[in-house]
Amino acid sequence: MKFGILSTAGIGVKSVIPAVQASEHTAAAIASRDEARASAVADELGIPTAYGSYEALLADDSLDAVYIPLPNGLHADWARAAADRGLHVLCEKPLTASADETAALFDYCEDAGVTLMEAFMYRFHPRTERAAELVASELGEVVSVTSHFSFRLPDGAEDIRIDPDLAGGSVMDVGCYAVSAARLFLGTPDRVYATTTDTRDCGVDTRMSGVLEYDSGATARVESSFDTPETQYYRVQTTDGWLEATPAFNVGSTASAELTYATDGRVVTETFDPTDSYRREVEAFARAVETGETPRVDREESVAVMRTIDAIYESADTGRAVELN
């Protein structure tokens, strides 16, 4: 499969393009609004073709798919533009700024006959797969989940992640991982209560703390922040034990990963060899395109995560719990 890369964003340059190139697929073209920048990155990474506009890349009939690492607020427009050209779409999280927009984007891509997948790379790490298997089949009933992702954004930074016009905010950038993990282990909550804080007077949240409640009595605590040192973990508490992973989401491709769990008084730590989650994500996406199978991160999951994020923002705005059922 030949991929076109829409923008020279860091996550693409540092992680996804190398992952594509390490697979049996090809990063065939890259585009930037600055043609010199696109050419420089293409030369650096050995990408055959560089374009000075996104429109020019989408008009390249040799491509099969695009990877979109643009700012959040631009995802939907360029995903639709790619679908109009018959290109399959692997798009960074979050797909859009709301659940309704996410559902509409899936409708649009389905009507165009192309595959759309949200790029939650941690879902493809073998440790995440093992954690989901343990919670589903070997541990007892889930009582609670705690999930946290934070890092310190430099003071005074001019960054797309704190731009309200580009759907910035800690929830949209890293909190979505915490919400995704809670849903992985507990499903979609029945109600949400959350608070957010804008510590930088930038027009978006820079801290979030939320409680997800389930009619079963289970709860999840989700947190995100741009104001504290990098911390990322999830912990699942069950009736007969617990499970936890740290760092939970962004594990480097050269780093091993550990998963620790306890059941009936027995504590086990499993170690996973270094693996490239981005490569596994790319390969899973390409396989879904080639076989017609539903991607692991599918419409149901993407819409459900955004429904929860919508509720987090509504609760923070109103000061009340928000029902999702």
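Me: Hi! Which residue in β2 does K2 stand opposite?
Reply: Happy to help! In this predicted model, K2 sits across from T26 of β2.

Me: And how many bridges join β1 to β2?
Reply: Five bridges link β1, residues 2–6, with β2, residues 26–31, and the two strands run parallel.

Me: Nice. What is the strand order in the sheet those two belong to?
Reply: It goes β3-β2-β1-β4-β5-β6, an open sheet of six strands with parallel pairing. The edges are β3 (49–51) and β6 (116–119), each pairing on one side only. From one strand to the next, the twist averages 25 degrees.

Me: Which strands does helix α8 touch?
Reply: Helix α8, residues 277–291, packs on the sheet and touches β1, β4 (65–68), β5 (88–92) and β6. The helix direction makes about 150 degrees with that of β5.

Me: Switching topic: is β10 mostly covered or mostly open?
Reply: Mostly covered: five of the seven residues in β10 (219–225) are buried.

Me: What pairs with β10, then, and in which sense?
Reply: Strand β7 (residues 142–152) runs parallel to β10, joined by seven bridges. Strand β9 (residues 207–213) pairs with β10 in the antiparallel sense, over seven bridges.

Me: Could you give me a residue pair for each? Which residues do S147 and V211 face in β10?
Reply: Sure! S147 stands opposite V222, while the bridge partner of V211 is R221.

Me: And which residue takes a positive phi in the hairpin of β9 and β10?
Reply: That would be G217, with a phi near 105 degrees; the hairpin has five residues between the strands.

Terms used: Residues numbered from 1 in each chain as written. Predicted model: local features only at pLDDT ≥ 70, side-chain atom pairs only at ≥ 80, totals over all residues. Heavy atoms only, no water. Pairing = 2+ DSSP bridges. Helix = DSSP H or I, 4+ residues; strand = E, 2+ residues; numbered from the N terminus. Axes fitted to C-alpha atoms, helices over the stretch in contact; angles between N-to-C directions. Contact = heavy atoms within 4.5 Å. Buried < 20%, exposed > 50% of the residue type's maximum accessible area, 1.4 Å probe, protein only.
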